[in-house]
Structures are given as structure tokens and as C-alpha cells.
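Work through the following exercises with the sequence and the 3D view open. Each task is followed by a solution in steps.

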Amino acid sequence: MSRVTLIRDAAGERTLEEAAYPLSVGGDGCSLVLPDQSGTAFHIGLERGHPFVQPAVSDTPVWHNHQRLTTSTWLKSGDRIQVGESLVLWQVEGDRVLVNVSRSDAGVVIPPASPPPASVEKPPDELLLASTPPGKRGLRWLLSFLFALLVAAAAFVLLATPVALRVEPEPEAMSLKGTFPAIELSGRSLLLPGSYTLIASHTGYRDLREQVEVEFGKPLNLDLRLQELPGLLSVASIPAGAQVFVDNVRVGETPLSDHELEAGRYGLRLAAPRYRPLEMDLEMAGLGQQQRLNLALKPDWAMLSLSSDPDGAQIMESGTLLGETPGTLELMSGTHNLELVRSGYKTLVIPVTIVAGEDQQLPRIALIPADGIVDLTSRPVGGTVTLDGVFLGVTPLRLQVSPGEEHQIEITLAGHRPAKRSVELRPEEELELEVRLQPEYGVVFFDSRPVDAVLDLNGKPQGPATARLKLPAVPHRIEIRKPGYRPYKGTVTPSPGISRTVSVVLQPDGGGHETTKPRGISSGTGLKPVASTGPFTMGASRREPGRRANENLRKVRLTRPFLIGPREVTNGEFRRFRPTHSSGSAQGFSLNGDDQPVVNVGWDDAARYLNWLSKREGLPAAYRQENGKMQLIRPVTTGYRLPTEAEWAYTARFAGRDGPARYPWSDEQFPPVRIQGNYADAAAAPLLPLILEDYQDGHAVSAPVGGFAPNPIGLHDMDGNVAEWVQDYYSVYPNGAAREAVDPLGPGEGRHHVVRGSSWRDSGISELRMSYRDYSERPRDDLGFRIARYTR
């Protein structure tokens, strides 16, 4: 800490900073002026903040505290320095030093002006002394002095109090000032009662001034410790202006001078814009020692050169223009996503990783001509659009097509003829294209018993249920009813050019109550509970016909009770979460009915729907998003999720059965001989190359959920209709029938997810087996999902 020095001398009063030291003291021209002096008598200097006095080379005697000054001596508050009749008093008051120059109190002795008297009457003792011979007179004086001294010593011993003073570390200088002088005896001080000031000093430590109160008859033991001076840290850096942090606390910026730090270990960090932070350990010695650091920060950037074909592309990052090709950029270290933007060309995103100090030059980048734009609409809207055979969505739709090439656009809509158009556009050319779809019709014959039953078509009465109707080739809801009979409800899709017959025999009801086919679940209600299981074996034997290589045997046990959805999630349910979703169509056959299973959804879409459903019903989320992908939270919560592959296999093949099922039907025969589920049947012949020729389930594509008989524990469509996403990442397991997996969740990461169950597209012996395993990373028009969750 810097102190200010206040000087009062013959030149007046003034203030000096520490930078003015050392001070010369003497006649005119010196820092301190003494009256009646010429030349320099002594000097006052500073060493690590401690003042000292040093005599000058001269014959002038200098007295320090009544001792002649012959060499350098430390100064303390209250010290007196005398030269001739001039007196310098050194006094320290906090952060201020007072230096007073005055004349000595000793003056010239002057006798009285009148002459001495002729005779002075002597007092009796003086007469006695005068009459005493000189030799005896001296002895008497000596004895009187010794007696007085003994009396004083006895009184001192009787009144003095022993005081033990211990100061650590041992001071270089120590004094005890007060009312009476101290007598040292056997390491202790004998002090008369009163107030004293202990003053101790040591290089590298703060001066100690301790007030000591001595009371009669109360011995005193004092253990004191000198406080270390902090170390002084100075830091210079290249570049200057770096922020300086000590133990993550900002203490200034470079150049940093004489920052006080107590002795010890610290973490030092320098930070400056565009430079890499510098971190180091710092050991401060303390004791007033100065430590200087000269540090150089390393640049945190590098140069990147890039060019394009053609040149002249703007180089952008996060909407900021950085330059133009060809160009060289100064980029900070890290990952950058640079965009090359040029009229008539696609915007290219160039990811680059910059390493500080390592310049790069990228190969010449070829720009790609910008797409043309087709604003496509159809009449009626809702047609499924493919571009060059790739499904893109439904009308109205905005298409991007590569320029300078001919492209084929096809629009299909249930009940209408497919429409095709060819387009070829220039870069950034826009085309508005409207296509009118021509309707298609099919003939349906209705044959009902009793003959006086009536037919409702799409909720509207049509008259007798024995009729021939020409209908648009789209799914129609039918109901055939008669009082006293159980009504028949179903769906029929006419096929253009192919007549269809619907034959229905109504069954007597007895009570006259109508029955309604279940419409599927709208939330988590209706889930089927499944308790913990004993061990069961997934996969298939190598000898099983149709077995695939990824169906290795492995033993599994499920210990956590869970719930599983009795039906697949429908379009109507999914659109409550995402109203704009369309499942599309397959060659004109709609997949988009509210009661049809939702398809053309990815695994992540299913996970997001399940989180939405969990939130709506007050359950914890089962998934979280990481790097744009949904991941199962582990440990697994009780929120809605996809069934694990083991849960799906158990509920499909084992639950409620005497043994593992090979096929969904009970007779273990292939192909099936009675209606079991929605597979690739004769109705799908216009769509699919391979079908079950002698099988007729009445649906060319997906059917409304729950339309077929459930399995033994009440689950519908575990086979057929649509295949289903499950929780697990796909992996081929080694044969492990002897090793038991408990509550398996599959691998922790992967590219594909497992798909279980057959669909309306399947007719082969491999696909219709219950152990069949498939996988996918993309949505499909025959792939949906059902829900599950743990109960605890």
C-alpha cells in the first residue's frame, strides 16, 4: 500500500509520494531544509516499503534517538533525528507519514543579571558537610546514594509485574515504550503498572503495534504473531489489455502492476478477444516479494481460402456476409457452417473446422444450379404426389425440381384415375400446374338376408340391402340392418373394372340391441395389463420353414409389469397431435381414414406423439430429444412409449397360449384357410405382385383397426394390417438360448429400429410367421405403431 509523506520544514508544508524517495536532508537544495545548515547531513530512503536513515559523507554529527548515527538504521514511528540545533521528528499515522523539522529544546544557559550575593547562609546539612572533612564527606554521599538505590530497587520489585512477551517470527527490532522503563529478567520483562506500546518489526512482515495494559499483581503472558506482507504480482502480456483472473475473479487487465496477493497457490487466467485463454498455476511467495510475469497469448484464429465455380458467390455465416469467392477469411477456431449464395444456384452449406494457427485452402467448390419450382394443385385436392417415382406428399404441394431435366409427376387419388405430367424447368423458374383428376367407379352387388334388410351407405339410407350400386372407387362405410337383428357394419372399396359382391346374413339379436364395432383407443384407456413373466425364448429354430438369419434364439424374462395398446394408433388419434398429417394412399387406395392405422410416420414421430400423450394424461415423458433425435430416457419412466421387442414378442406369441405360436392362426398350417387378419389377399391383386390367391379379407390396403378377431389376451392386428415400430435399435443377436436377458431394451444406439409383425403387403411364409423380424430407418405406407408403458 502506498503512503503519503507530509513535510513541514523551513520551506513550508508540502506532500510527497513514495516515488520522491530517497530524501536528502540538510541545507538549501535538499528535500528537507534544516536551518543553519549547509550541505547534506543525512538521507532517508525506502526498502520494500520500510524507511531507513543513513548519514551523509560529512563531518556534521547526526544523532538518532540520542545515539550518534554512523551507519544505516531502520526508522520507526516516534524516532528523533538531531543535527545541531535542528530536530527531525518521524511520525507514522495510518497511511500518512508526518515529518516535522524544528529547533532543539536545548538553549543557551544565561546567568542572572545581578551579581551573586556576598554570603549565603548554608542549611544545616550543608554546614555539616562543610565541617566534615572531604574524605568522609564523599563516603557519606556514596552511602546515601546506595541506600536510596536499594530502597528504589526494593520498591520496584515489590510493585513490578512480570510480563512474558513472545513474538513469532522473532522480530529484527522490538521495543516496549510506556510510562516506566522495563527491566529484563530471565526472559521476562518487569514492568510497573501502566500502559505500554509494544513495537516489533521484521522484513517481509507488517509492523506490529500492540497496546499492553499492565496491572499490579497480575502477571501477563502475550503470544503475538507478525502478519506477513502480501506478495506483489505484476503481469505483462502480448497483446496488452488482456483480462487477468485470479481463481476466476477478475483483478484487472495487463499491464497489471503490484497486485497484492497473500502467499499461496492460485489459478491464473488471461483472456483476450480473438486469443486463446492462457491458464497456469501461480505460487505466490508473499513477504512483500515482487513477482513479474511476461506472457504471450496464442492467436485463436486461422486463415481459410476458398473459391467456387463460378466465382462471385457470397460467403455467409448465420446471416452475416463474410466476403465473396474467391476470398480468404480470418475465422476463429471451432466449427463453422459457411453458406455460398449466388443467384441462379442452390445455396451450399460448407462445414469447416478451424484449428487455431493452421491455415487452410479448400478445393474449388462447384455450385449447383438452383431448382425450378412447381406449384402443383389438383381438382379435387388431396391427391398423392410422386416425382420421378418418389412420394413427396399430397396436393396442393410445392415441388422443387432440378433444372434442365425432364421430370415425371404422377398424382393419384382414391376413386380417380392416376394423372401424369412431364415438366422441364430452367434454374429458379416457377410453374403453376393444376391437374383435374378424372373419377373412377366400380360396381358393388349387395346380397342380404333377410331380404327386407336396409342398406346405409356412408351414413345415408340407400333402400333395400339387395341392390347393385355404381360407386366411386373409394372406401365406403356400409351398415346393413333390420330391427331384431344384429347389424352388420363394414367397409367396402369398389375396384374399377371389377365388380364386387357383399353377401351378409344378419343374425337374430334376441334383445334387439345393436352392436357397434370398436373404433380404437383415443388415449391410454383400454390398455391391456401384462404381469411379469417367466423365461421365454424369442426367435425361431433353424429348422423352421421360412426362418431368417436374424431370428436367433435367445432367452428373455420380463420382470416389470406393463400395459400395451389393444389396437394400433389411428389416423384420427394421431391427427389430434399433428392435425396436418396425411397417411396418403397406395395406387389410389386411401390410407388416410380416421379409423385406419396411421402410417408414413417415422420412429421419431411416434416417440413425439407418445410424449404428447404422456403430457396430456399427466405422465412423465418417456423420451428426450438429443441432437435432433428422440432417445428413450433411462431408467425407463412410466410414460407412454413403444413396446420393446421382447414385450411385443411375448404378447403376440406367448401370452394366453400353451406354447409359442408360429403363425397368428391356431392350426399351424400355411397358407391360412380361414380369415385371420388383413394380409395381401385377392383384393390386393391390382397393387401387389404376390398375394394369397385363395384368401379374401376384403381390404386391398389397411383396414380400420380392430376389425379382425383379437389374440388370446385381446390384442388386435398383431399380425397383418400394418407392421409396427418397436422400441429397440436393430441388431442381430448371437444364439444365446442358455443366457437369460432381463427386461431387455436393445442396443443403446444404432441406425435402424426393429419392425415387428406382417402387413397388408405381405403374403409369404417368412413374413406371416410371428417370429419374423424386419427393420427400417424410414417411414413406410404399411408401417405404424401401438402404445405401451410400465405400470411402476
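**Exercises with worked solutions**

**Exercise 1. A small sheet**

Task: Find which residue in β31 stands opposite Met-303, and then place its strand in a sheet.

Solution.
Step 1. Met-303 stands opposite Glu-330 in β31. Residues are numbered from 1 along each chain as its sequence is written. The model is predicted, so local features need pLDDT of at least 70, side-chain atom pairs count only at pLDDT 80 or more, and totals for chains, interfaces and linings use all residues, while side-chain values use heavy atoms, with hydrogens and water left out.
Step 2. Strand β27 (residues 301-306) is joined to β31 by six bridges, and the two run antiparallel. Strands (E, at least two residues) and helices (H or I, at least four) are DSSP runs numbered from the N terminus, and two strands pair if DSSP finds at least two bridges between them.
Step 3. The order β31-β27-β34 describes an open sheet of three strands with mixed pairing. β31 (327-332) and β34 (360-361) are at the edges with a single partner strand each, so one side of each has no neighbour in the sheet.

**Exercise 2. The whole chain**

Task: Describe the chain by its elements, its extent and its burial.

Solution.
Step 1. The chain has five helices and 65 strands.
Step 2. The C-alpha trace spans about 180 × 70 × 50 Å along its principal axes. The radius of gyration is 53 Å, whereas a compact globule of 792 residues would have one near 28 Å. This radius is taken over C-alpha atoms, and the globule rule is 2.2 Å times the number of residues to the power 0.38.
Step 3. Of the 792 residues, 44% count as buried. Buried means under 20% relative accessible area, exposed means over 50%, and partly exposed lies in between (1.4 Å probe, protein chains only).

**Exercise 3. One strand with two partners**

Task: State how β43 runs relative to β46 and relative to β50.

Solution.
Step 1. Strand β43 (residues 441-449) and strand β46 (residues 467-472) are antiparallel and joined by six bridges. Here Val-444 has Leu-469 in β46 as its bridge partner.
Step 2. β43 and strand β50 (residues 500-505) are parallel, again with six bridges. Opposite Arg-449 stands Val-505 in β50.

**Exercise 4. An enclosed helix**

Task: Is helix α5 largely enclosed or left open?

Solution.
Step 1. In helix α5 (residues 645-654), 10 of the 10 residues are buried, so the helix is largely enclosed by the rest of the structure. Among them are Trp-648, Tyr-650 and Phe-654.
Step 2. Thr-644 is in the loop between β59 (629-632) and α5. Thr-644 is buried too, with a relative accessible area of 2%.
Step 3. Apart from neighbours within four places in sequence, Thr-644 is in contact (heavy atoms within 4.5 Å) with Val-726, Gln-727, Asp-728, Pro-744 and Leu-745.
Step 4. Just after α5, Gly-656 has a positive phi of about 75°.

**Exercise 5. Charged pairs**

Task: Locate the partners of Lys-482 and Arg-481, and say which parts of the chain each pair links.

Solution.
Step 1. Side chains of opposite charge can pair when their charged atoms come close. A salt bridge is a side-chain nitrogen of Lys or Arg within 4 Å of a carboxyl oxygen of Asp or Glu. By this rule there are 34 salt bridges.
Step 2. Lys-482 forms a salt bridge with Asp-452, at 2.9 Å from N to O. Lys-482 lies in the loop between β47 (476-481) and β48 (485-486), and Asp-452 in the loop between β43 and β44 (454-457), so the pair ties together parts 30 residues apart in sequence. Lys-482 is partly exposed at 22% relative accessible area, and Asp-452 is partly exposed at 45%.
Step 3. Arg-481 forms a salt bridge with Asp-456, also at 2.9 Å from N to O. This pair links distant parts of the chain, with Asp-456 in strand β44 and Arg-481 in strand β47, 25 residues apart. Asp-456 is buried at 10% relative accessibility, whereas Arg-481 is partly exposed at 30%.
Step 4. A network of salt bridges links Glu-544, Glu-551, Arg-662 and Arg-769.
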